[in-house]
Amino acid sequence: MSDPRNVILVTVDSLRADRCGVGGGDGSLMPTLARLAEDGLTFENAIAPAAATNGSAYSFLTGEYPIERPAAPSSREALREHMLSRDTLADRLSRRGYATAAFTANPWTSRYFDFDVGFDRFEDFMDEDATESFISQGTPDNKATFLLVQALNWWQGQDMFMSWEAFYDDILDWLVDAPEPYFLWVFLVDPHMPYLPPAEYRSQSLARTYAANAWLYSGRDITPGSWVHDALVTAYDDTVRYTDAFVDRLARDVGDDPLLMIHADHGEAFGERGRYGHGYELEEPIAHVPLVVANGPTGRVETPFSLFDLPELVLGLATDPEFDPERAFDAPFARGRTGHPQRVLRGRDWKYATSPVEERLVRLDEDRTPIENEELLELCRAVTDQWAAGDEERGRITAAATEVAEELPV
């Protein structure tokens, strides 16, 4: 039996698949990631389990959605309860003898939400954060307070303003002394709004960048094709290029020893269905994310893969030399959800979405052409209705939907 592999898992906040050579993009913004994707294992249809970090990260570290309990004292408590009562990826690797560490710049994945569970070393930089009290108590409801918190975070370079360079040396210092095998999780927030790339990566004026971000935070309408839209997209793309610099530096520093896995927690919208940012519906720019594995197996996985299954993927690749991702995750659709609530099934070429206000079964084309297939529609309804069912019932419904979905013409 071969020795377990070292693993580095890099999560990038708000990174669209089409910006990094995975899922239709040309890779010019992220040439390093595009190269790793070309040479390694790439999931062409990786899907975020939720539309925001506070739903997605809980799922891709535990393999289970947070329990929906209307009687819970708060969503914060329900999420904390989820992390404390579930086997996290770090827990599972730790029991297999792994040294574990995490470095996260996102307060939603801080110790205040019990993301430190299972990690030997956990750095969320909250001790250096002047807005720590707001984070520990929850996101401010008052808009003036929220803007004050953002201003303080910008001033101190914390929270969503924390660049990867601010803690890169901490990551390397841990890797130098880490016993093997090790599992390292890094969470980057550079592409997250506000889109503020460092000067050397900025391709437009600082004034234009700040003005567009201020417009976005004001909540005023943005027209696609307007200067605000164009400036926001430019600023976002600049942060994506900056993120690729992290991937390049890390790949060179660690070499070909560890499994290097890079993905996003969700994407970002820029005018699709009138939305900007994320946290809304699981539309394609938010649902479709990159997932690339370097220093391991090679190939392309075209079947839909939900980050919900990320723990099984990491464990399989790290500990089982016979593990075959294409066979392990051979399913016709991936699932996702939002807290609105919306339930989504996403196939290679189609998507089903249902919420209290609408139901859609459409093709993944530019016009989202409706699909007239009553059998598939009924089975999609059954799958989303039975998410809470037992494994046997859920498996029966999924198998039936699989058979119909595979017959769906492209």
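Here are some exercises with worked solutions on the predicted model shown above.

**Exercise 1. Work out how the strands of the eight-stranded sheet are arranged, and which strands sit at its edges.**

Step 1. Let's begin with the order. The eight strands run S5-S4-S6-S1-S7-S11-S2-S12, and they make an open sheet with mixed pairing.

Step 2. Now look at the ends of that row. Strand S5 (121-123) and strand S12 (299-301) are the edge strands, each pairing on one side only.

Step 3. How much are neighbouring strands turned against each other, on average? If you ignore direction, the answer for this sheet is 10 degrees.

**Exercise 2. Find out which helices pack on this sheet and which strands they touch.**

Step 1. Take helix H1 (residues 31-39). This helix packs on the sheet and touches strand S2 (41-43), strand S7 (259-264), strand S11 (291-294) and S12. Compare directions and you get about 70 degrees between H1 and S11.

Step 2. Next comes helix H11 (residues 310-319), which also packs on the sheet. H11 touches strand S1 (7-12), S2, S7 and S11. The direction of H11 makes about 165 degrees with that of S7.

**Exercise 3. Describe the partners of strand S6, then decide whether its residues are buried or exposed.**

Step 1. Start with S4. Strand S4 (residues 99-104) and strand S6 (residues 182-188) run parallel and are joined by six bridges. Want a concrete pair? Ala99 has Tyr182 in S6 as its bridge partner.

Step 2. Go to S1. S1 pairs with S6 in the parallel sense too, again over six bridges.

Step 3. Put your finger on Phe187 in S6. Thr104 stands opposite Phe187, and Thr11 stands opposite Phe187 as well.

Step 4. Check the two faces. Tyr182, Leu184, Val186 and Leu188 are buried on one side, while Phe183, Trp185 and Phe187 are buried on the other, so both faces of S6 are covered.

Step 5. Conclude. Seven of the seven residues of S6 are buried, so the rest of the structure largely encloses this strand.

**Exercise 4. Decide how helices H7 and H9 lie against each other.**

Step 1. Get the geometry. Helix H7 (residues 168-177) packs with helix H9 (residues 227-254) at an angle of about 20 degrees, and their axes are 12 Å apart.

Step 2. Apply the cut-off. Angles under 35 degrees count as roughly parallel, and therefore H7 and H9 are roughly parallel to each other. H7 passes H9 in a right-handed crossing.

Step 3. See who meets whom. H7 brings Tyr168, Asp169, Ile171, Leu172 and Leu175, and these meet Phe246, Arg249, Leu250, Asp253 and Val254 in H9. Sorted by class, this contact holds seven nonpolar, no polar and three charged residues.

**Exercise 5. Place Ala235 in its surroundings and say whether it is buried or exposed.**

Step 1. Ala235 is in helix H9.

Step 2. The relative accessible area of Ala235 is 1%. Buried means under 20%, so Ala235 is buried.

Step 3. Skip the neighbours within four places in sequence, and Ala235 is in contact with Tyr195, Pro197, Gln204 and Thr209. Pro197 is 38 residues from Ala235 in sequence, but their C-alpha atoms are 6.8 Å apart in space.

**Exercise 6. Track down some unusual backbone spots.**

Step 1. Know what you're looking for. Most residues other than glycine have a negative phi, and most peptide bonds are trans.

Step 2. Hunt for cis bonds. The bond from Glu180 to Pro181 is cis, with omega near 0 degrees, and Pro181 lies in the loop between H7 and S6. Met193 and Pro194 are joined by a cis peptide bond too, with omega about 0 degrees. Pro194 is in the loop between S6 and helix H8 (206-218).

Step 3. Hunt for positive phi. Asp114 has a phi near 65 degrees and is found in the loop between S4 and S5. Asn295 isn't a glycine either, yet its phi is positive, about 65 degrees; its place is in the loop between S11 and S12.

Step 4. Are these two buried or partly exposed? Asp114 counts as buried at 9% relative accessibility, whereas Asn295 is partly exposed at 28%.

Definitions and conventions: Residues are numbered from 1 along each chain as its sequence is written. This is a predicted model: local features need pLDDT of at least 70, side-chain atom pairs count only at pLDDT 80 or more; totals for chains, interfaces and linings use all residues. Side-chain values use heavy atoms; hydrogens and water are left out. Axes are lines fitted to C-alpha atoms, for helices over the stretch in contact, and angles run from 0 to 180 degrees between N-to-C directions. Helices (H or I, at least four residues) and strands (E, at least two) are DSSP runs, numbered from the N terminus. Angles under 35 degrees count as roughly parallel, over 145 as roughly antiparallel, 65 to 115 as roughly perpendicular and the rest as oblique. A crossing is left-handed if the near helix is turned anticlockwise from the far one by less than a right angle, and right-handed if clockwise. Contact means heavy atoms within 4.5 Å. Ala, Val, Leu, Ile, Met, Phe, Trp, Tyr, Cys and Pro count as nonpolar, Asp, Glu, Lys and Arg as charged, and the others, Gly among them, as polar. Two strands pair if DSSP finds at least two bridges between them. Buried means under 20% relative accessible area, exposed over 50%, partly exposed in between (1.4 Å probe, protein chains only).
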